[in-house]
Amino acid sequence: RLLWVDRSGRVAGERGTPARYWTMRLSFDGLMALVNPDTNVWAIDSRSNLKTRIANASGGVWMPDGRSVIYRSDDGLWIKSASGEGQPRPVIKFTSRTLVPTSVSADGLRLAVAARPDAKSPSHDVWLVTIADGSIQPMVSTEYDEMQPSLSPDGTRVAFDADNGNFQGMVRGGQESALALPQGLWALGFGNDATAGSSGTLFFA
């Protein structure tokens, strides 16, 4: 099941049904979770434990207002109402590399994605996608794998996992040089002021 944990490490409650949750993303206000326990993406309300099916898809992220989500299907990235109702609209159609959405900027304009390898590009890279028109801006690209990008609330920095033999957290952007975090971690992300500390706070596991 999913555990709601506060910053002191106290378990505040359990949500969802027992399952293997492949992905999990909290809404900006910390009240909703987007999860992928099966072949569907579901929204779970932490207050009521109500579970709403969004789409047959793999993984997704919340828009800042909590009213819509962006998810990945076999052919592209789509945006849809968090109520599960209505038709989705495309953000970007895949033409070569599969894009995995992991973080939306606080202004709702840009989406950080991990670009999976293909025949021409043998490693994972970090890209930015403009949500309005689907345009792409490469952000971090090396011979190593860069995955799980997380945008800072002010949009100036990106945290990501770098695999150069050992998974290692990195932060780039703004006035900072690359900041290396401990080896062996598998996920990290920025706080968002509202629910997880200041915008300069990093959480990792």
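The following paragraphs describe the strands, sheets and cores of a predicted model.

The protein has 20 strands and 0 helices. It comprises 205 residues, and 45% of them count as buried. The exposed surface amounts to about 10,600 Å². Carbon and sulfur atoms account for 51% of that surface. Contacts were also sorted by sequence separation. Among those between residues at least 6 apart, 30% join residues at least 24 apart.

One open sheet contains 4 strands in the order β3-β4-β5-β6. Pairing in this sheet is antiparallel. The edges are formed by β3 (24–26) and β6 (51–56), each of which pairs on one side only. On average, neighbouring strands here are turned by 20° against each other, direction ignored. At the β3 edge, 3 bridges link β3 to β4 (residues 32–35) in the antiparallel sense. Within that pairing, Arg-25 has Leu-34 of β4 as its bridge partner.

Another open sheet of 4 strands follows the order β7-β8-β9-β10. Its pairing is likewise antiparallel. Here β7 (58–62) and β10 stand at the edges. Each has a single partner strand, so one side of each lacks a neighbour in the sheet. The average turn between neighbouring strands of this sheet is 25°, direction ignored. Inside the sheet, β8 (residues 68–72) pairs with β9 over 5 bridges, in the antiparallel sense. Val-69 has Lys-80 in β9 as its bridge partner.

The pairing of β11, β12 and β13 was examined next. Strands β11 and β12 are antiparallel and share 5 bridges. They form a hairpin with 5 residues between the two strands. Gly-108 lies in the turn and has a positive phi of about 75°. Leu-99 is bridged to Ala-115 in β12. On to β13, β12 makes 6 bridges, again in an antiparallel arrangement. One of the bridge pairs joins Arg-110 to Thr-130 in β13. Strand β12 is largely enclosed by the rest of the structure, because 5 of its 6 residues are buried.

Nonpolar side chains tend to be buried together in soluble globular proteins. In this model, the largest nonpolar core holds 16 residues. The members that touch the most others are Ile-70, Leu-77, Leu-99, Leu-111 and Val-113. At least two core residues come from each of β9 (76–81), β10 (89–93), β11 (99–104), β12 (110–115) and β13 (125–130). Strand β12 gives the most, with 3 residues. A second, separate core has 12 residues, among them Ala-43, Trp-62, Val-69 and Ala-82.

Ile-70 illustrates the packing around the largest core. Residues up to four places away in sequence were set aside for its contacts. Beyond that range, Ile-70 touches Gly-59, Gly-60, Val-61 and Met-63. Its contacts also include Leu-77, Trp-78, Ile-79 and Val-91. Pro-101, Leu-111 and Ile-131 are touched as well. Of these partners, Leu-77 and Leu-111 are listed with Ile-70 among the core members that touch the most others.

Strand β15 (residues 145–151) was examined at two positions, Ser-150 and Gln-148. Ser-150 has a relative accessible area of 11%. It is therefore buried, the cut-off being under 20%. Outside its neighbours within four places in sequence, Ser-150 contacts Ser-103. Further contacts of Ser-150 are made with Arg-157, Val-158 and Ala-159, and with Leu-188, Gly-189 and Phe-190.

Gln-148 has a relative accessibility of 30% and counts as partly exposed. That class covers values between the buried limit of 20% and the exposed limit of 50%. Gln-148 and Ala-114 are 34 residues apart along the chain, yet their C-alpha atoms are separated by 6.4 Å. The side chain of Gln-148 also makes a polar contact of 3.5 Å with the side chain of Arg-25. Arg-25 is the residue whose bridge partner in β4 is Leu-34.

Notes
Residues are numbered from 1 along each chain as its sequence is written. This is a predicted model: local features need pLDDT of at least 70, side-chain atom pairs count only at pLDDT 80 or more; totals for chains, interfaces and linings use all residues. Side-chain values use heavy atoms; hydrogens and water are left out. Buried means under 20% relative accessible area, exposed over 50%, partly exposed in between (1.4 Å probe, protein chains only). Contact means heavy atoms within 4.5 Å. A nonpolar core is a set of buried Ala, Val, Leu, Ile, Met, Phe, Trp, Tyr and Cys residues joined through side-chain atoms within 4.5 Å. Two strands pair if DSSP finds at least two bridges between them. Axes are lines fitted to C-alpha atoms, for helices over the stretch in contact, and angles run from 0 to 180 degrees between N-to-C directions. A polar contact is a pair of N or O atoms within 3.5 Å; within protein, one must be able to donate a hydrogen and the other to accept it, and residues adjacent in sequence count only if both atoms are side-chain atoms. Accessible areas come from the Shrake-Rupley method with a 1.4 Å probe; for residues, only the protein chains shown count as cover.
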